[in-house]
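Colleague: I am new to this structure and would like a close look at a single part of it, the nonpolar core. Please take me through it slowly, with enough of the surroundings to place it.

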Amino acid sequence: MNIEFKSKVWYWKGPAPWYFVTVPAQHVPVLKEMLTQVTYGWGMIPTRVKIGNTEWSTAMFPNDGSYIIPVKASVRKAEKIDEGDEVIIVLSVG
């Protein structure tokens, strides 16, 4: 299943700082339906993600009633992405 959406890149300044995008609320019910089929624990969902011309494998995880997707430094560099930028995400699950 593929989902495409726009989301802003945000930065988490916690003990292990990282950049993320949040899956919009309208896609959460479909992801929750798939959870029992694809999760490998803690509600994490393995995915393929594409931003621009860059595609990678990762896992999204639950956060505040939605899911967040980590955006690696190599992806941000390749696509010239910074905090606050709005990006188009193509998400493949399952």
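Modeller: Of the 94 residues of the protein, which is shown here as a predicted model, 40% count as buried, and that buried share is a useful way in to the part you ask about. To place it, begin with the chain as a whole, which has two helices and seven strands, and whose elements, read from the N terminus, follow the order β-β-β-α-β-β-β-α-β. The radius of gyration is 13 Å, close to the 12 Å that the globule rule gives for 94 residues, so the protein is as compact as a globular protein of that length. Along the principal axes, the C-alpha trace spans about 35 × 30 × 20 Å.

Now to the core itself. In soluble globular proteins, nonpolar side chains tend to be buried together. In this model the largest nonpolar core has 24 residues, and those that touch the most other members are Leu31, Ile51, Met60, Ile69, Ile89, Leu91 and Val93. At least two residues of this core come from each of strand S1 (2–8), strand S3 (18–22), helix H1 (28–38), strand S4 (45–51), strand S5 (54–63), strand S6 (66–70) and strand S7 (86–93).

Leu91 is a good residue on which to centre the view. Setting aside residues up to four places away in sequence, Leu91 touches Met1, Asn2, Ile3 and Phe5, then Thr47, Arg48 and Val49, and also Met60 and Ile69. Two of these partners, Met60 and Ile69, are themselves among the core residues that touch the most other members. For the protein as a whole, residues 24 or more positions apart account for 58% of the contacts with a separation of 6 or more.

For contrast, turn to the outside, where the accessible surface comes to about 5,600 Å², with 53% of it belonging to carbon and sulfur atoms. Two loop residues are worth finding there. Asp64 lies in the loop between S5 and S6 and is exposed, with a relative accessible area of 78%, while Lys80 sits in the loop between helix H2 (73–79) and S7 and is likewise exposed, at 72%. Most residues other than glycine have a negative phi. Against that background, Asp64 has a positive phi of about 50°, and the phi of Lys80, also positive, is near 55°.

Note on methods: Residues numbered from 1 in each chain as written. Predicted model: local features only at pLDDT ≥ 70, side-chain atom pairs only at ≥ 80, totals over all residues. Heavy atoms only, no water. Helix = DSSP H or I, 4+ residues; strand = E, 2+ residues; numbered from the N terminus. Rg over C-alpha atoms; globule rule 2.2 N^0.38 Å. Buried < 20%, exposed > 50% of the residue type's maximum accessible area, 1.4 Å probe, protein only. Contact = heavy atoms within 4.5 Å. Areas by Shrake-Rupley, 256 points an atom, 1.4 Å probe, with all protein chains shown as cover. Core = buried A, V, L, I, M, F, W, Y, C linked by side-chain atoms within 4.5 Å.
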